[in-house]
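Trainee: Could you take a close look at one single part of this structure with me, and then follow the connections outward step by step? I would like to learn how to reason from the numbers.

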Amino acid sequence: VLSVMKKDLVLAAKELFDAGLVLPGEGNVSMRLPGEDAMLITPTANRYSDLEPDDLVVAGFDGIVDERRSGQRPPSSEFRIHAAVFRQRPRVDAVVHVHPPEAVAHAVLGMPIPLIVEEMAVLLGGEIPCAPYRRTGTDQLVEAVLGSIGTGNAVMFANHGLLTCGRSLTDAVDTVYVVEKLAGVHR
C-alpha cells in the first residue's frame with residue numbers, strides 16, 4: 001500500500017508543478033496513512049520536477065519521522081499544518097499546500113473568495129476564507145489555518161498561499177484547480 005501511495009503522491013506533486021501551481025522549493029503534499037496517526041509527506045525544500053517516491057517522508061502527527069520508511073530529508077516545514085488538519089478532520093485523507101498565482105493574489109490582499117458560484121457550496125463548503133498572516137512553520141500559523149478552514153475544503157494563508165484537503169488525493173488536487181479558477185473569476 002505504501003509504495004502505491006508514494007507513487008500517487010509523486011504524480012500529484014509533479015502535476016501541480018507542471019500546471020504552474022507551485023514553484024521549485026514551494027508547497028507540500030501529504031496523505032494520511034490508513035490505520036495510523038501518521039502521514040506520507042513531501043520533504044522540505046523539494047523540487048517537484050525531481051521528486052521520487054524514495055524522497056517522501058513518513059511522519060507521525062507528532063512529527064516523529066519513521067526512518068525505515070522515509071527518504072533522507074526531513075518532512076516539509078509545514079508538516080504541523082497537515083497533521084493538525086488530519087487530527088481535526090478524521091475524514092480527510094489528503095492535504096495540498098501550493099502557491100497558485102490567482103489564489104496568492106487574494107492571499108496577499110487578505111481577501112476571502114465569497115460564494116460566487118453554486119459549485120463553491122457543493123465542492124468547497126462555501127466561501128474560501130483567508131487565515132490571518134502568521135510566520136511560516138509556526139504553531140501560530142497552524143492555529144490560524146485551523147481557525148479559518150472550519151469544515152470547508154480550502155483556506156488561503158494571508159501573504160502566503162493556499163491549502164486544500166479532501167477525502168482523497170484527487171479531491172484535494174482538484175480543489176486546488178477549482179479555487180484557482182474561482183480566484184481568477186473573482187478578481
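**A buried ring and its surroundings**

Mentor: Let us start with F86, which counts as buried because its relative accessibility is 1%, and a residue is called buried when that value is under 20%. Please keep in mind throughout that the model is predicted.

A search of the whole structure finds one aromatic pair, and F86 belongs to it together with F61: the two rings are stacked, with their centres 5.7 Å apart and an angle of 20 degrees between their planes. The word "stacked" applies here because planes under 30 degrees apart are counted that way. The partners come from distant parts of the chain, since F61 sits in the loop between β3 (57-60) and α2 (79-88), while F86 belongs to helix α2 itself, and 25 residues separate them. F61 is buried as well, because its relative accessibility is 7%.

The loop that holds F61 deserves a second look, because E67 is found in the loop between β3 and α2 too, yet E67 is exposed, with a relative accessible area of 69%. The C-alpha atom of E67 lies 8.0 Å from that of V57, and these two residues are ten apart along the chain.

Charged neighbours in sequence continue this story. R69 and D66 meet through their side chains in a salt bridge, with 2.6 Å from N to O; R69 counts as partly exposed because its relative accessibility is 23%, whereas D66 counts as buried because its value is 15%. This contact is not isolated, for salt bridges with shared partners join E36, D66, R68 and R69 into one network.

The count of salt bridges comes to six, and another of them joins the side chains of R32 and D93, at 3.3 Å from N to O. R32 lies in strand β1 (residues 28-32) and D93 in the loop between α2 and β4, so this pair ties together parts that are 61 residues apart in sequence. R32 is buried because its relative accessible area is 14%, while D93 counts as partly exposed because its relative accessibility is 32%. A further salt bridge brings together the side chains of D50 and R47, at 3.6 Å from N to O, and here R47 is partly exposed, with a relative accessible area of 44%.

The loop holding D93 runs between α2 and β4, so the path from our helix now brings us to the strands. Strand β4 (residues 94-98) pairs with β7 in the antiparallel sense over five bridges, and within that pairing V95 has C165 of β7 as its bridge partner. Strand β6 (residues 154-157) also pairs with β7, again in the antiparallel sense, here over four bridges, and F157 stands opposite G161 of β7. β6 and β7 form a hairpin with three residues between them, and N159 in its turn has a positive phi of about 60 degrees.

What about the cover over β7 itself? Strand β7 (residues 161-166) is mostly covered, with six of its six residues buried. In a regular strand the side chains alternate between the two faces of the sheet. That pattern can be followed here: G161, L163 and C165 point one way, L162, T164 and G166 point the other way, and all are buried.

Just beyond this strand region you can look at H99, which lies in the loop between β4 and α3. H99 is buried because its relative accessible area is 19%, a value that still falls under the 20% cut-off. The side chain of H99 makes a polar contact with the side chain of E26, at 3.1 Å.

Finally, let us step out to the surface, for contrast with the buried ring where we began. I116 lies in the loop between α3 (101-109) and α4 (118-124), and I116 counts as partly exposed because its relative accessibility is 33%. Together with V117 and V185, I116 makes a nonpolar surface patch of about 210 Å². Set this beside F86, which is buried at 1% relative accessibility, and you have a nonpolar residue from the surface patch to compare with a ring from the stacked pair.

Terms used. Residues are numbered from 1 along each chain as its sequence is written. This is a predicted model: local features need pLDDT of at least 70, side-chain atom pairs count only at pLDDT 80 or more; totals for chains, interfaces and linings use all residues. Side-chain values use heavy atoms; hydrogens and water are left out. Patches are made of residues with over 30% relative accessible area and no salt bridge: like charges are joined within 9 Å, nonpolar side chains (Val, Leu, Ile, Met, Phe, Trp, Tyr) within 5 Å. Accessible areas come from the Shrake-Rupley method with a 1.4 Å probe; for residues, only the protein chains shown count as cover. A salt bridge is a side-chain nitrogen of Lys or Arg within 4 Å of a carboxyl oxygen of Asp or Glu. Helices (H or I, at least four residues) and strands (E, at least two) are DSSP runs, numbered from the N terminus. Buried means under 20% relative accessible area, exposed over 50%, partly exposed in between (1.4 Å probe, protein chains only). Rings of Phe, Tyr and Trp (its six-membered ring) pair if their centres lie within 6.5 Å; planes under 30 degrees apart count as stacked, over 60 as edge-to-face and the rest as tilted. Two strands pair if DSSP finds at least two bridges between them. A polar contact is a pair of N or O atoms within 3.5 Å; within protein, one must be able to donate a hydrogen and the other to accept it, and residues adjacent in sequence count only if both atoms are side-chain atoms.
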